[in-house]
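Please find below a colleague's note, set out as numbered points for a reader who is new to structural work. It is best read with the sequence and the model side by side.

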Amino acid sequence: MRPVFSILFTLLTTLAAQGQETSQRVVSATLANEIQTLKALGDSQRWFTVLNRSTRLLESCADSPELLLFQTAATKELGRHEDTRKLAQEFLRRYPDSVNKDQALFFLGSALLLSGTRVEAASLLVEASRVTTDATLRKQIQQI
């Protein structure tokens with residue numbers, strides 16, 4: 001899931017550099033460090049740790065789309081289809097204009113496909129492929 005982590009880190013770095021209040025910059029810097037850690041854990045396929053850490057971090061950073069997407073990715077990789085579905089739907093409801101909408105659609109479509117809801121899954125995967133600019137994600141979708 002390299003594309004998810006790379007996009008999340010780039011987005012968070014950009015947001016942290018936008019000149020916020022000092023306390024917000026400290027929180028942003030801490031969150032940026034945590035995102036970097038989650039990326040490394042995901043790259044190492046340590047999904048249980050990613051899930052636990054992102055869940056804990058969401059308690060103090062409840063409005064972080066990046067953390068919600070990490071949590072969604074981890075549940076997908078752990079085979080928790082119902083949890084993935086719920087988290088992806090929450091992401092799409094809360095952040096409908098996110099640059100990571102394609103990833104959330106992919107996670108939701110994959111979860112539905114694996115739980116037997118093929119027609120809706122196909123529709124979501126087609127939508128993810130249509131809205132993404134990420135060639136790697138598009139290739140993953142085509143391989144399903």
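1. Seven salt bridges are present in the structure, which is a predicted model. The points that follow take several of these charged pairs in turn, then move to the helices and the nonpolar core.

2. Lys39 and Asp43 form a salt bridge through their side chains, with a distance of 2.8 Å from N to O. Both residues belong to helix H2 (residues 22–43), and because they are four residues apart, about one helical turn separates them. The two partners differ in their surroundings: Lys39 is buried, at 18% relative accessible area, whereas Asp43 is partly exposed, at 40%.

3. A second pair to inspect is Asp63 with Arg94, whose side chains meet in a salt bridge at 3.4 Å, N to O. Asp63 sits in the loop between helix H3 (47–60) and H4, while Arg94 is part of helix H5; the pair therefore ties together parts that are 31 residues apart in sequence. Asp63 counts as exposed, with a relative accessibility of 64%, and Arg94 as partly exposed, with 28%.

4. Which residues are linked with Arg94 in a network of salt bridges? They are Asp63 and Glu90. The Asp63–Arg94 contact described above should accordingly be read as part of this network.

5. The side chains of Lys76 and Glu77 also meet in a salt bridge, at 3.6 Å from N to O. Glu77 is partly exposed, its relative accessibility being 31%.

6. Helix H5 (81–94) consists of 14 residues and spans 20 Å from its first C-alpha to its last, close to the 20 Å expected at 1.5 Å a residue. Its buried residues are Thr84, Leu87, Ala88, Phe91 and Leu92. Why do they lie on the same side of H5? The reason is that they cover an arc of only 135° around the axis. These buried residues pack against helix H4 (65–77) and H6.

7. Between helix H5 and helix H6 (101–114) there is a loop that contains Ser98. Is Ser98 buried or exposed? Ser98 counts as buried because its relative accessibility is 18%, and the cut-off for buried is under 20%. The side chain of Ser98 reaches the backbone nitrogen of Asn100 at 2.9 Å.

8. Helix H6 has 14 residues as well, and its first and last C-alpha atoms are 20 Å apart, close to the 20 Å expected at 1.5 Å a residue. Of the 14 residues of H6, 11 are buried, so this helix is largely enclosed by the rest of the structure. Among them are the nonpolar side chains of Leu105, Phe106, Phe107 and Leu108, but Asp102, Gln103 and Ser110 are buried too. After H6 comes Gly116, which has a positive phi, near 95°.

9. The final point concerns the largest nonpolar core, which has 33 residues. Leu38, Val50, Leu67 and Phe106 are the residues with the most contacts inside this core. Which elements give two or more residues to the core? They are H2, H3, H4, H5, H6, helix H7 (118–131) and helix H8 (135–143). Phe106, noted above as a buried residue of H6, thus appears again here among the core residues with the most contacts.

Technical notes. Residues numbered from 1 in each chain as written. Predicted model: local features only at pLDDT ≥ 70, side-chain atom pairs only at ≥ 80, totals over all residues. Heavy atoms only, no water. Buried < 20%, exposed > 50% of the residue type's maximum accessible area, 1.4 Å probe, protein only. Polar contact = N/O pair within 3.5 Å; in protein donor to acceptor, adjacent residues only side chain to side chain. Expected span 1.5 Å × (residues − 1). Arc of directions from axis to C-beta. Contact = heavy atoms within 4.5 Å. Salt bridge = Lys/Arg side-chain N within 4 Å of Asp/Glu carboxyl O. Core = buried A, V, L, I, M, F, W, Y, C linked by side-chain atoms within 4.5 Å.
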